[in-house]
Amino acid sequence: MPMRCKFCERPAFIKLHYPKMYLCPEHFTEYFERKVKRTIERYKLIKPGERILVVVSGGKDSAVTAFVLKKLGYDIECLHINLGIGEYSEKSEEYARRQCEALGVPLHIVRVKELLGKGIGEVRTRRPTCSYCGLTKRYIFNKFAYDNGFDAVATGHNLDDEAGFILANLLNWNTQYLAKQGPITPAQFNGKLVKKIKPLYELTEREVVAYALANGIEYHIEECPHAVGATTIEVKGILNEMEEKRPGTKINFVKGYLRKKELFEGELQETDLRECRVCGMPASGEVCSFCRFWRREEPLNFRL
Ligand code: Q46
Ligand code: ZN
Ligand code: ZN
């Protein structure tokens, strides 16, 4: 006997473990969207009338973020950053394009190689690839949002990402990082650091995959070639094993962290931010880390 949906007589499409229930595609979709809405309200992620820039990678999390925000009626546009990592990046861009076309949402594309001369992974540096990739992406989406007057940047981080991040940083006692994590990072430095929000904060990766499937959202399944062997993947695996044995582990871990986060706040070193000599964006030294890394002599301008 196939299991039936908790709310109707249709065959179940997914079994949720926490809370435990079987749902059909329609009722699962409703459950998922209600949860995103609740996250937005609970953490006050978006104020009425705000313009949101969704960073879409071509992958499932950002695709679902854009899809749900649009469906809930928010004013969104999308930004795809082509990292210049060979075929992987070409396919990613193609997926981002198709996702935004299907949604009828404007898509802006920034190509790292065209913009900065080299793709991610092509720079000769001692800095790990993911470290300068992260720095580059964060700078570009923030500057793009700032130059074009967006009120917030939304990313696709889900519950698994957040739980993994917290655990990995606890294992190394990176208390500085633990002081700053959460579903929302308010605007700072006169708005030059645009507000960052994570609407999928309380949804598991498994739920995001199921939502994409139930709603016909296509996405790039391949992982970035530089992600292989990343600690975060191992840590997420451990959390998945725990979740299996004790449903609710991840959400309780993350919510507990949010309640206790202030314990780490004393660890925050006061860095005096000033304006980067090159681009005018916040910097801890004379030149910001982006302009230093890419040896910029001129500011980038993304104004449309
Ligand atoms: S940081 Fe590293 Fe990712 Fe950049 S180089 Fe690839 S794996 S894409 S989230
Ligand atoms: Zn149902
Ligand atoms: Zn700069």
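This passage describes the metal sites, the surroundings of one further ligand, and the nonpolar cores of a predicted model.

Two zinc sites were examined. The zinc ion designated ligand 2 is bound through three sulfur donors and one nitrogen donor, namely Cys5 (SG), Cys8 (SG), Cys24 (SG) and His27 (ND1), at 2.0 to 2.3 Å. Along the chain, these donors are arranged with the spacing C-x2-C-x15-C-x2-H. The angles among the four donor atoms run from 100 to 115°, and the site of ligand 2 is tetrahedral. Of the coordinating residues, Cys5 and Cys8 are both buried.

The zinc ion designated ligand 3 is coordinated by the SG atoms of Cys276, Cys279, Cys288 and Cys291, at 2.2 to 2.4 Å. Here the donors follow the spacing C-x2-C-x8-C-x2-C. The angles among the four donor atoms of ligand 3 span 103 to 115°, again giving a tetrahedral site. For reference, the ideal angle for four tetrahedral donors is 109.5 degrees. Cys276 and Cys279 are buried.

Ligand 1 is surrounded by Leu83, Cys130, Cys133, Lys137, Cys224, His226 and Ala227. By residue class, the shell around ligand 1 comprises five nonpolar residues, one polar residue and one charged residue.

The nonpolar interior was considered next. In soluble globular proteins, nonpolar side chains tend to be buried together. The largest nonpolar core in the model contains 53 residues, and the members touching the most others are Leu23, Phe28, Phe32, Ile52, Val54, Val64 and Leu69. A separate core of 38 residues lies apart from the largest one and includes Ile81, Met281, Val287 and Cys291. Cys291 thus appears both in this second core and among the donors of the zinc ion (ligand 3).

Within the largest core, Val54 is one of the residues with the most contacts to other members. When neighbours within four places in sequence are left aside, Val54 is in contact with Ser62, Thr65, Ala66, Leu69, Ile76, Glu77, Cys78, Leu79 and Ala154. Among these contacts, Leu69 is itself listed with Val54 as touching the most other core members.

A further position of interest is Thr175, located in helix 7, which covers residues 175-178. Thr175 counts as buried because its relative accessibility is 15%, against a threshold of under 20%. With residues up to four places away in sequence not counted, Thr175 touches Phe264 and Glu267.

Notes
Residues are numbered from 1 along each chain as its sequence is written. Chains are lettered from A and ligands numbered from 1 in the order in which they are written. This is a predicted model: local features need pLDDT of at least 70, side-chain atom pairs count only at pLDDT 80 or more; totals for chains, interfaces and linings use all residues. Side-chain values use heavy atoms; hydrogens and water are left out. Donors are N, O and S atoms within 2.8 Å of the metal (3.2 Å for Na, K and Ca); water is not among the atoms, so sites may look incomplete. Four donors count as tetrahedral if all angles lie between 85 and 135 degrees; four count as square planar and six as octahedral if opposite donors are over 155 degrees apart and all others between 65 and 115; anything else is irregular. Buried means under 20% relative accessible area, exposed over 50%, partly exposed in between (1.4 Å probe, protein chains only). A residue is near a molecule or strand if one of its heavy atoms lies within 4 Å of it. Ala, Val, Leu, Ile, Met, Phe, Trp, Tyr, Cys and Pro count as nonpolar, Asp, Glu, Lys and Arg as charged, and the others, Gly among them, as polar. Helices (H or I, at least four residues) and strands (E, at least two) are DSSP runs, numbered from the N terminus. Contact means heavy atoms within 4.5 Å. A nonpolar core is a set of buried Ala, Val, Leu, Ile, Met, Phe, Trp, Tyr and Cys residues joined through side-chain atoms within 4.5 Å.
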